[in-house]
Amino acid sequence: TTTTSPTVATSNEATTDDVSSMDVDEKAVEGASSAVDRAISMGDFTRAIKTVQPTAKREGFAIAPDVSWQDVGALSEVREELKHNVLEPIAHPERFRALGLEVPAGVLFYGPPGCGKTLLAKALANQSGANFISVKGPELLNMYVGESESRVRQVFARARASAPCVIFFDELDALCPRRSSGWDGGAGGGGGGGGSGNNVSERVVNQLLTELDGLESRRDVYIIAATNRLELIDEAMLRPGRLGNLLYVPLPSAGDRVSILRALTRKVAIHEVPVDAATAAVGSDVVELQRIAEDSRCDGFTGADLSALVREAGLSVIKELSAANELAMTSSSLNPDASVVVPVTKICARHFEMALSKVKPSVSPQDRVRYEKVRYYLKQGLSAIEALRLGYEDAYVNKKDDTDDDDDDDDGVDA
């Protein structure tokens, strides 16, 4: 019978305990190192900020548009005005407070349709870096009593909670139409029994006026509005301190049309004049944007018209490609060994010529005269309402009188 010594057993147990403790220590070290590797770093917070949105901004806010000044192309004078009226107050509000001045409420873009008013607002929102709320005119109107005013208050409350903030009202004439004077025998004008609808618009206008310069401060909230029907907006919105700063967005000149075409064709495949034109062969199909912009057929073109011109020229290329593919399929079926001519996949001068024969100016000559007259009278120091009245008379009433006089002279000659 073999008897194990207690001393030997104890030593074996001690050795086993030491080995187990060493394993535990190694696992603890490995766990600590892996925990350090899994620790939250500053880069994790930076990535999380891009995905987590504040509660106050989860409804009603628009992402800042990806539009830069390069996409605008022209309107350097208007951009300079925007820099002083909107960008400067957002970047340095302390300068206005040091002078004891109130921060400007905002600006109102007006001018012919398609001249880049909405594009300017998008570029301004991107350039300012402020929070951005985009409001389409009719979307605040509601059929239930009090709901429209509540939506207006909600928009300004969110903007104040996330100051500095820019609110953009597109098509302001649909949101702030002229209110009835109350002297014509009814509270709501308009025929067809539309008094209740007019009352809703009046209450919305009253609420907007209250938010713009009421008892409650705007707190670094800036307003940008756009319209092409300035004569339809209520007069109270156009006084100084509200949206009295009117910026005219004109029809582009020949030089502006060149800049706009370059901005529109930045990502478009066109057969343009090469940089080293002295050593390269310049054919008749090479696109010269300056010559297109200075073409008399482009007089009166807006930015939207120029965009339609580029689009129409691109459609001409697609039509040529479709016709060439059909011809190639027909030729290959008749003669499999025949060579196929692949048409050019760039916009050439002939495509612009075809587009110019289809695209026409969208602004009538009388409307152009009216907008230019309004701009002239505003520069002379007249109020917006007076400038609108005189501009309308010069463009339409006086023009009609001149036409009637010419007809009378013709009748006299015939007699």
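**A walk through the strands of a predicted model**

Let me start with a pairing: strand β1, which covers residues 106-110, runs parallel to β4, and five bridges join the two. One place to find this on the screen is Phe109, which stands opposite Ala226 in β4. I should say at once that what we are looking at is a predicted model, and I will keep to what can be computed from it.

Staying with β4, which spans residues 221-227, we can ask how many of its residues are buried. The count is seven of seven, so to speak of this strand as mostly covered is fair by the definition of buried used here, under 20% relative accessible area. In a regular strand the side chains alternate between the two faces of the sheet. In β4, Val221, Ile223, Ala225 and Thr227 lie on one side, while Tyr222, Ile224 and Ala226 lie on the other, and with every one of them buried, both faces are covered.

Moving on from there, β4 also pairs with strand β3, residues 165-170, again in the parallel sense and over six bridges. If you would like a pair of residues to look for, Ile167 has Ile223 in β4 as its bridge partner. Strand β3 is mostly covered as well, with six of its six residues buried. On one side of β3 you will find Cys165, Ile167 and Phe169, on the other Val166, Phe168 and Asp170, and both of these faces are covered.

Which strand pairs with β3 over six bridges, besides the one I have just described? That is β2, residues 131-136, and this pairing is parallel too; within it, Val135 stands opposite Phe169 in β3.

Let me turn to a helix, α7, which takes in residues 147-161. Its 15 residues reach 21 Å from the first C-alpha to the last, close to the 21 Å expected at 1.5 Å a residue. Among its buried residues are Val152, Val155 and Phe156, but also charged-type names you may want to look up, including Glu149, Arg158 and Arg160.

As for the aromatic rings, there are four aromatic pairs, and ring pairs link Tyr110, Tyr248 and Tyr371 into a cluster. Tyr371 has a further partner, since the charged end of Arg370 sits over its ring, 4.7 Å from the centre.

Finally, the whole chain: it has 15 helices and five strands, and 34% of its 415 residues are buried. It exposes about 24,200 Å², of which carbon and sulfur atoms supply 53%.

Methods: Residues are numbered from 1 along each chain as its sequence is written. This is a predicted model: local features need pLDDT of at least 70, side-chain atom pairs count only at pLDDT 80 or more; totals for chains, interfaces and linings use all residues. Side-chain values use heavy atoms; hydrogens and water are left out. Rings of Phe, Tyr and Trp (its six-membered ring) pair if their centres lie within 6.5 Å; planes under 30 degrees apart count as stacked, over 60 as edge-to-face and the rest as tilted. A charge sits over a ring if NZ of Lys or CZ of Arg is within 6 Å of the ring centre and within 35 degrees of the ring normal. Helices (H or I, at least four residues) and strands (E, at least two) are DSSP runs, numbered from the N terminus. The expected span of a helix is 1.5 Å times one less than its number of residues. Buried means under 20% relative accessible area, exposed over 50%, partly exposed in between (1.4 Å probe, protein chains only). Accessible areas come from the Shrake-Rupley method with a 1.4 Å probe; for residues, only the protein chains shown count as cover. Two strands pair if DSSP finds at least two bridges between them.
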